[in-house]
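User: Could you take a close look at the surroundings of the ligand and describe them in one connected account?

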Amino acid sequence: MATKTIEASPKEAPAGRNIQLPIYLDYQATTPTDPRVVEAMLPYFTTKFGNPHSRNHSFGWEAEEGVEIARAQIAALVGASDKEIIFTSGATESNNLAIKGVGRFYKDRRNEIVTVVTEHKCVLDACRHLEEEGGFKVTYLAVKQNGLVDLDHLRQAVTDKTALVSVMAVNNEIGVVQPLKEIAAIAHEKGAFFHTDAAQAAGKIPLDVEAMGIDLMSISAHKMYGPKGVGALYVRRKPRVRLQALIHGGGQERGMRSGTLPVPLIVGFGKAAEIARTEMAKDNERIRRLSDRLFDAINKQLKDVILNGDREQRFPGNLNLSFSYVEGESLMMGIRDIAVSSGSACTSASLEPSYVLRALGVEEEMAHTSIRFGIGRMTTEAEIDYAVETIVKHVKKLREMSPLWEMVQEGIDLKSIQWSEH
Amino acid sequence: MAYGEKLIDHYENPRNIGSMDKHATDVGTGLVGAPACGDVMKLQIKVSPDGIIEDAKFKTFGCGSAIASSSLVTEWVKGKTLDEAESIKNTQIAQHLALPPVKIHCSVLAEDAIKAAIADYRKKAGTMPRTESAAAVKVAAE
Ligand SMILES: Cc1ncc(COP(=O)(O)O)c(C=O)c1O
């Protein structure tokens, strides 16, 4: 294309401020790799490059030791034992392995799966795939207005034909934390296993597979300051959860996932888990403070800003806000030096607004006005202040430009207008 | 997504934002789109007694491409006769702003907004006797 484009984000720091632009507030999409993680990984690219499955020489032993230390670090983060951690390429693969693997293994006895409409696409698509394969029945539970699962509905949906209940721990779009322990108890009452997609939860909120009754759990390294391309599936051993492998070959990972392990990535993943475990309290204290600072400052300066998802049951590093009467993508364009995500349709090829927000009963027009702010380990107070200033300025400007805002100020009820749907 | 230079310029420095009295007889108002679809455009034109668009204003709820499309058409319609303005095609808007395929609907909406504003003006003007319409418009504008 001949179109001349403008660099989306100027790189210079604004005068007199201790920040670098652009500012990253999209920690749910991915996180930067912690420098301590990178450092731990480096030797495994160069000197300790062996194949961990080589049993006959020290190169192999060295690599294997790196992998096993990492496995223990990851197990410790979630209260599991080492043998229950299976390495994968990420949470997408872990979710696929959990759902298809358990689904297919137990199909003859139990062929039902219960999940929730606000799950990540990879969970929903894996379930759809099983339905298409035939012989499975999947229930997609609605959520309450606050984004949480209705436990009574769940209890009705789980039957003695249910093999697996899959409910995510922390939602990637709105940050709500599901009542994992209660969900597990409901699944177990009927003899079903409980799987949770903890891609957004591991390393962010305390998780304990024993105390919470989790049977399978998906983790992704790149959401917790580790490298991209590696993840894990926790698979309970007592009582034992069986599953059918998706990838066949050399029989690594106890036959559940063949393929040579990516040692540097795994070592980094382990280091990231260790840092998350030892620094979680400190990190969360900071993140909560920054999150409150952002939320309070925006609400002080702008009216009609709505927080999507439950106010209490949430990971504070995720703030999904609807700026009424301002379309999300136009706001993102105005705040180009702040990297965020929008629930508005326009950011994707589809013109549908976020299915997660729609599932909460957020009206389409409000879903179009939502922005997700992701706050993480590297976020600073100065960055938050700059973000607030920029957002407030642009929301005000766009509201001045918004015919909807004008009508509401004139006292016109937008619902009374006959809109020309197109 | 990378945005074109002209699109960015119209988004950052939108021309002719504002509102005119929608009850005035020399003002035509077009309100198109729907909040649920993510874009609403309000385009207003002020027409001189000899049928020339003297002024145009807009307000838009929508993505950057929708804002830029409506800003651009307010510039384009000024100084044109109603017939000339009515012949503006969405493809011209899309081409000028280098809109990506997923944003073509924004230019369609802008074209619709012009047509709706002109139709509104004609409806108002049409209700008045031909010979007196210029005078009537003048009175209404005062
Ligand atoms: C909740 C959730 N599940 C799964 C994934 C997929 O993770 P990965 O990128 O490791 O495949 C993501 C990340 O987009 C996520 O947020």
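Analyst: What follows describes the ligand site, with a short addition on one strand pair.

The model is predicted, and every distance and area below is computed from it. The shell around the ligand holds 14 residues, of which A:Thr92, A:Asp197, A:Gln200, A:Ser220 and A:Lys223 come nearest. By residue class, this shell divides into eight polar, four nonpolar and two charged residues, and its largest share, three residues, is supplied by helix α3 of chain A, which spans residues 91–106.

Two side chains approach oxygen atoms of the ligand: in A:Thr92, an N or O atom of the side chain is 2.5 Å from a ligand oxygen, while a polar side-chain atom of A:His120 lies 3.3 Å from an oxygen atom of the ligand. For a nitrogen atom of the ligand, the partner is A:Asp197, with a polar side-chain atom at 2.6 Å. Taken alone, the ligand would expose 400 Å², and the protein buries 85% of that area.

Turning to chain B, strand β1 (residues 27–34) has seven of its eight residues buried, so the strand is largely enclosed by the rest of the structure. Strand β1 of chain B runs antiparallel to strand β2 (residues 39–47) of chain B, and eight bridges join the two; within this pairing, B:Val27 stands opposite B:Lys46. The two strands form a hairpin with four residues between them, and B:Gly38 in the turn has a positive phi of about 90 degrees.

Key:
Residues are numbered from 1 along each chain as its sequence is written. Chains are lettered from A and ligands numbered from 1 in the order in which they are written. This is a predicted model: local features need pLDDT of at least 70, side-chain atom pairs count only at pLDDT 80 or more; totals for chains, interfaces and linings use all residues. Side-chain values use heavy atoms; hydrogens and water are left out. A residue is near a molecule or strand if one of its heavy atoms lies within 4 Å of it. A polar contact is a pair of N or O atoms within 3.5 Å; within protein, one must be able to donate a hydrogen and the other to accept it, and residues adjacent in sequence count only if both atoms are side-chain atoms. Accessible areas come from the Shrake-Rupley method with a 1.4 Å probe; for residues, only the protein chains shown count as cover. Ala, Val, Leu, Ile, Met, Phe, Trp, Tyr, Cys and Pro count as nonpolar, Asp, Glu, Lys and Arg as charged, and the others, Gly among them, as polar. Buried means under 20% relative accessible area, exposed over 50%, partly exposed in between (1.4 Å probe, protein chains only). Two strands pair if DSSP finds at least two bridges between them.
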